[in-house]
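Thanks for sharing this one. Here are my notes, in numbered points, to read with the structure open beside you.

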Amino acid sequence: MSRNRTFPALLLVLATLQCPLPANAQDLTPFAGVLDTTGLTLVPKRLASGVYALLSPNPFGDNSGFIVGDRGVLVVDSLVNAEGAHAVQKAVRTVTDKPILYLVNTNAVADHWFGNYAFPPTTTVIAHRNAATKMAKFDQLRGEIAFFAGGEAKVADVQPRPADLYLDGQLTIDLGGLEVEIHHFGVGNTREDLVVYVPAARVVWTGNFMLGNHLIPLLSGAARAPLYLDAVTQFARRLEIDTIVPGHGSLTDAATAVPLYLAYLSDLTESVRSAARDGADPTTIVDRLPLRTEFAPEAGRELYARIFQTINTLNTLQNLGTVLPAAERPEGDSN
Ligand SMILES: [Zn+2]
């Protein structure tokens, strides 16, 4: 299959935005293979009794983790293929022999659920209701993720295993001596973002909803800045959080990440609105918006930040005044 047919997801996002793009916005070379699981070893990082983060050794790689109760284990996210899923399970087995009862997919982007099929058939897979339509588009997702996963061979053997249980609202699971809550706060990075929260430890897994320190939020296809802002506001209001295990990027905490996300999303909305009111053209708007310095502290990450900023700006510009509640979103808008 040619490179053109393995259209990377972000490029697809850019292409569907019918705006002229600033120079280098389409150069996704820095993202090639960022989710590659070759040789992956994950070492459990104990955050509290029974609560472990699995942090990718690669800068943008997928983080995950697990929670151990008396009854068994709940795992957060299964990575992009069997190799990733096996690395997660191997890490679990260094801590406990208890069965993996639950696996939560924090969203339906391939790198958060393609490894599902390599978990035991007895594991109950949980995702948000809005994940179902997207998970059904397995071949499309596989084509989109290959570029990021290190090539088509890395996802060639993946078998689709969508969720067993689709959540609408909140779910509390008692693992035996330790409770885990699963929440959805509305449209964030995707329409189906779930967060996994352990109240006793004040730890939360956020998937793509909140990335690690110094990774800029990304407004993918269905994301809308004002809705994302609402969702982060609810997240911060309803959960008492110390530690955040993000889907990508380093471990962070609510005191750092939440104010940064709130400020970024409201700045973005206001700046794009006011630039559009002044009649600026899209390229000028993208060039004019300052990138908050917190998001580009290191040379290697600056490029990610600029690409994300471009996508976010064009997404916000295109959707000014057209934000619909999730339930009214057109079916095609499934990202
Ligand atoms: Zn992700």
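1. Let's start with R202, which sits in the loop that links β10 (195–198) to β11 (203–207). R202 is not a glycine, yet its phi is positive, at about 55°. Is R202 buried, partly exposed or exposed? R202 has 17 other C-beta atoms within 10 Å, so it ranks as partly exposed, since the buried class starts at 20 or more. Please keep in mind that this is a predicted model.

2. A second residue to look at for its backbone is D77, again not a glycine, with a positive phi near 70°. D77 belongs to the loop between β4 (73–76) and α2 (82–93). Here the surroundings are crowded enough for the buried class: D77 counts as buried because it has 30 C-beta neighbours inside 10 Å.

3. For the overall picture, the protein chain holds nine helices and 13 strands. Its length is 335 residues, and 47% of them count as buried. If we take the contacts between residues at least 6 apart in sequence, 71% of them join residues at least 24 apart.

4. Now to the nonpolar interior. Nonpolar side chains tend to be buried together in soluble globular proteins. In this model the largest nonpolar core has 96 residues, and the members that touch the most others are F66, I67, L74, V75, V104, V196 and Y228. Which helix or strand gives this core its largest share? That is α6, with seven residues.

5. V196 is worth a click if you want to see how that core is joined up. Leaving aside residues up to four places away in sequence, V196 touches V76, V104, V180, I182, V204 and W205. V104 also appears with V196 among the core members that touch the most others.

6. How do α6 and α7 lie against each other? Helix α6 (residues 225–238) packs on helix α7 (residues 254–277) at an angle of about 155°, and their axes are 9 Å apart. The two helices are therefore roughly antiparallel, as an angle over 145 degrees is the cut-off for that word. The crossing of α6 past α7 is left-handed. On the α6 side the contact is made by A225, P226, Y228, L229, V232, T233 and A236, while α7 brings A254, V258, Y261, L262, L265, S266, L268 and T269. By class, this contact has 12 nonpolar and three polar residues, and no charged ones.

7. A point on the spacing of such residues: an α-helix has 3.6 residues a turn, so residues three or four places apart point the same way. You may like to have that in mind when you look at the α6 contact residues, including Y228, L229, V232 and A236.

8. Staying with α6, have a look at Q234, which lies in this helix. Q234 is partly exposed because it has 15 C-beta neighbours inside 10 Å. What does Q234 touch, not counting residues up to four places away in sequence? Its partners are F185 and G186. G186 is 48 residues from Q234 along the chain, and their C-alpha atoms are separated by 8.9 Å.

9. Finally, helix α5 (residues 138–149) is mostly covered, with nine of its 12 residues buried. These are L141, R142, G143, E144, I145, A146, F147, F148 and A149. Just after α5 comes G150, with a positive phi of about 105°.

Definitions and conventions. Residues numbered from 1 in each chain as written. Predicted model: local features only at pLDDT ≥ 70, side-chain atom pairs only at ≥ 80, totals over all residues. Helix = DSSP H or I, 4+ residues; strand = E, 2+ residues; numbered from the N terminus. Contact = placed C-beta atoms within 7 Å. Axes fitted to C-alpha atoms, helices over the stretch in contact; angles between N-to-C directions. Parallel < 35°, antiparallel > 145°, perpendicular 65-115°, else oblique. Left-handed = near helix turned anticlockwise from the far one by under 90°. Nonpolar A, V, L, I, M, F, W, Y, C, P; charged D, E, K, R; others polar. Core = buried A, V, L, I, M, F, W, Y, C linked by C-beta atoms within 7 Å.
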